[in-house]
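Please take the sequence and the three-dimensional model together, and read the paragraphs below with both in view. The account moves from a pair of helices to the contact between chains, and then to the sheets.

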Amino acid sequence: MLEIKNLHVSVGDKPILKGLTLSIQPGQVHAIMGPNGSGKSTLSYVLAGRAGYDITEGSITYNGEDLVALKPEERAAKGVFLAMQYPVEIPGVTTMTFLKTALNSQRRQRGESDLDAIGVLKLVRAKAKTLNVSEEMLKRALNVGFSGGEKKRLEILQMAIFEPRLAILDETDSGLDIDALRLVAEGVNTLRSPERAMLVITHYQRLLDYIVPDRIHVLAGGRIVAEGGKELALELEAKGYEHIVKDVA
Amino acid sequence: MTLAVAKRDAAAALVAARGVPHRRIEEWKYSDLKSALGEAGLGAVVAQWLVANKPSGVDIFDLSQKNPPDWVAANFAKDSGNTMSAASLALSAGGIAFRVPKGAAIADPLKLDFTGTGHVRALLVLEAGASLTLVEGATVADFRNVGFEIVLGEGAVLDHVRVSPADDAAVLVEEAFVRIAAGGHYRAHFASFGSKLSRMEVDITLEGEGAQAHLSGVSVLDGKRHSDVTTNMRHAVGNTHSTQLFKHVAGGNGRAVYQGRVIVSQGANGSDSNQSAKALLLGENAEADLKPELEIFADDVKCAHGAAVGDLDAESLFYLRARGIPEAEARGLLLHAFLEDAVAEIANPDQREHVRIELLAALNGFRATARDA
């Protein structure tokens with residue numbers, strides 16, 4: 001589903017990713033772990049199509065298509081979803097209006113008809129309930145005055161509504177207490193399916209206790225320096241990144 | 001007999017002495033009326049008005065008629081008089097006056113449109129405890145100057161919504177003088193789509209304790225359109241409260257001006273004032289001049305002011321696009337969101353919706369232009 005080959009990315013003149021190669025199949029959950037500054041967030045932004053990240057070498061292929069050539073909105077319509085580390089606050093746009101606009105924008109780009117207001121409301125309510133997102137939150141301006149946990153829950157709610165084929169979760173665990181983390185992880189786990197791939201980006205092993213990955217990649221210095229099964233997370237937790245990074249070097 | 005003959009003579013003398021305001025006069029620095037009018041100058045034509053809806057219970061008097069009632073004679077031409085309001089007094093014998101009698105609560109809005117070229121006066125008196133919604137519209141004209149006096153008695157409540165149309169050639173100027181007695185409450189929203197020169201100047205005096213004034217406004221300016229909102233908020237006595245929230249979006253060579261002066265008089269202790277003006281500039285040649293000012297001569301007052309000019313937030317734009325919303329639509333949504341808190345200040349729901357729809361149309365026009373460019 002996703003093939004990243006020898007990816008080099010610079011921000012400004014500074015190289016961040018230096019030859020990253022990664023392949024994810026449908027149905028799989030991969031985790032990317034790495035210390036601060038290793039390029040984790042850069043990878044997530046490049047996959048979602050944010051401006052300011054220059055791909056100097058390598059390729060990203062998504063379902064056989066060159067992902068890099070697509071605009072962010074086209075990627076979303078084709079099923080790429082990035083749950084952001086810092087969801088933005090947008091005063092003046094209610095959460096419900098935002099969800100409806102985004103959902104119908106994606107549908108339109110796929111040649112599907114718009115869902116009417118009632119259809120959207122039904123869909124959102126059904127999904128919101130399981131993630132403990134209240135009606136009151138949906139009426140508020142997008143992310144404005146939301147706690148860290150509420151913002152992350154709303155990201156996962158969007159994932160449930162948009163039903164992406166490739167979901168990238170960027171530090172979804174940051175800023176969450178254990179109850180919020182469990183709720184978010186449950187939400188993610190219910191979305192695991194044979195057609196859907198997930199890339200879970202995290203600094204800590206903690207999240208992977210709840211979202212158990214098929215494969216773990218360790219990112220350091222802009223490259224994958226170690227790979228393994230879920231047990232790799234435990235090793236990282238016990239010995240720290242330095243140990244692994246040193247072994248490779 | 002014509003109203004206020006002596007005042008008209010004095011006003012004519014003032015206009016003759018000062019001439020047409022131009023950019024070297026501080027208050028007109030960003031709105032060069034003299035060059036906008038060119039050789040035609042102020043002229044001496046009388047502009048027209050049209051009452052599109054007069055609710056029952058509102059008294060009306062044509063200012064060009066003889067024998068004005070007491071409520072007109074007592075309140076007409078009492079404003080402090082700047083050059084342009086003096087011009088409207090000196091150069092126009094016409095105009096319109098309204099009164100809402102004591103204690104009358106009028107639900108149906110009074111709709112008043114100013115039309116044609118020239119000068120015109122208006123007077124609105126709300127007696128003690130009266131309430132009204134005033135919807136002020138305007139047709140485009142080469143040049144129009146409106147001098148408007150508004151008097152709010154004790155505890156009177158006025159919701160004033162003014163929409164100024166988009167036009168490349170029109171020069172539209174208005175001065176409103178608002179006097180608010182104790183416990184009176186004036187809420188005004190000025191929406192402007194810009195013209196060759198467009199200026200709304202409002203001078204408010206909070207005359208009695210507990211008087212309040214809440215001003216808000218939006219402007220969406222494309223092409224070479226200009227919109228100026230100039231406010232003078234006078235806290236003449238203590239325990240008075242005022243807020244101002246203005247939002248501007250300017251693209252192309254559009255120019256948004258906000259000059260807001262808050263004056264807290266000596267002894268007006270316990271006054272509370274807040275003013276905020278923000279502008280988004282969508283083109284390299286767009287301009288915003290935001291000038292909030294405070295003059296405080298009292299103690300124990302709370303006065304806050306702020307102004308900010310910027311572009312659309314790149315992170316917000318990316319967030320919306322990453323959720324599948326195409327760039328043009330995402331920009332429109334963010335622009336609308338930027339203006340929304342000022343629009344939300346409009347108390348009357350029908351008028352609020354009306355302004356929203358007009359804004360949406362103007363913003364859509366923007367996006368179409370941006371795509372062509």
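A crossing of two helices is called left-handed if the near helix is turned anticlockwise from the far one by less than a right angle, and right-handed if it is turned clockwise. With that convention in hand, and bearing in mind that this is a predicted model, one can turn to chain A, where H3(A) passes H6(A) in a right-handed crossing. The axes of helix H3 (residues 95-109) of chain A and helix H6 (residues 148-162) of chain A cross at roughly 35 degrees and come within 11 Å. On the side of H3(A), the residues that meet the partner helix are A:Thr95, A:Leu99, A:Leu103 and A:Gln106, while H6(A) contributes A:Leu154, A:Ile161 and A:Phe162. Sorted by class, this contact of H3(A) with H6(A) holds five nonpolar and two polar residues, and no charged ones. An α-helix has 3.6 residues a turn, so residues three or four places apart point the same way.

H3(A) itself deserves a closer look. Its 15 residues reach 21 Å from the first C-alpha to the last, which is close to the 21 Å expected at 1.5 Å a residue. Among the buried residues of H3(A) are A:Thr95, A:Leu99, A:Leu103 and A:Gln106, and the list also includes A:Met96, A:Phe98 and A:Lys100. Just after this helix, A:Gly111 adopts a positive phi of about 80 degrees.

H3(A) also has a part in the contact between the chains, to which chain A gives 19 residues and chain B gives 18 residues. On the side of chain A that touches chain B, two or more residues come from each of helix H2 (72-77), strand E7 (90-94) and H3 of chain A. The largest share of that side, five residues, is supplied by H3(A). By class, the side of chain A that touches chain B has 11 nonpolar, six polar and two charged residues.

The sheets come next. In chain A, six strands in the order E6-E9-E10-E3-E11-E12 make up an open sheet with mixed pairing. Strand E6 (80-83) and strand E12 (223-228) of chain A each have a single partner strand, so one side of each is left without a neighbour in the sheet. From one strand to the next, the twist in this sheet averages 20 degrees. Within the sheet, strand E3 (residues 29-33) and strand E11 (residues 215-220) of chain A run parallel and are joined by four bridges, and A:His30 stands opposite A:Arg215 in E11(A).

Chain B has an open sheet of nine strands, ordered E1-E4-E6-E8-E10-E12-E14-E16-E18, again with mixed pairing. Its edges are strand E1 (48-53) and strand E18 (302-310) of chain B, each of which pairs on one side only, and neighbouring strands are turned by 10 degrees against each other on average, direction ignored. Strand E4 (residues 110-115) and strand E6 (residues 131-138) of chain B run parallel and are joined by five bridges, with B:Leu112 opposite B:Glu136 in E6(B). Helix H6 (residues 327-343) of chain B lies across strands E12 (212-221), E14 (241-250) and E16 (272-281) of chain B, running at about 160 degrees to E14(B).

One residue of this sheet can be followed further: B:Val163, found in strand E8 (residues 157-164) of chain B. Because B:Val163 has 18 C-beta neighbours inside 10 Å, it counts as partly exposed. Leaving aside residues up to four places away in sequence, B:Val163 touches B:Gly137, B:Ala191, B:Val355 and B:Glu358. The C-alpha atoms of B:Val163 and B:Ser192 are separated by 5.8 Å, although the two residues are 29 residues apart along the chain.

Notes:
Residues are numbered from 1 along each chain as its sequence is written. Chains are lettered from A and ligands numbered from 1 in the order in which they are written. This is a predicted model: local features need pLDDT of at least 70, side-chain atom pairs count only at pLDDT 80 or more; totals for chains, interfaces and linings use all residues. Two strands pair if DSSP finds at least two bridges between them. Axes are lines fitted to C-alpha atoms, for helices over the stretch in contact, and angles run from 0 to 180 degrees between N-to-C directions. Two residues are in contact if their C-beta atoms, placed from the backbone, lie within 7 Å. Ala, Val, Leu, Ile, Met, Phe, Trp, Tyr, Cys and Pro count as nonpolar, Asp, Glu, Lys and Arg as charged, and the others, Gly among them, as polar. The expected span of a helix is 1.5 Å times one less than its number of residues. A residue is buried if 20 or more other C-beta atoms lie within 10 Å of its own, exposed if 12 or fewer, and partly exposed in between; C-beta atoms are placed from the backbone.
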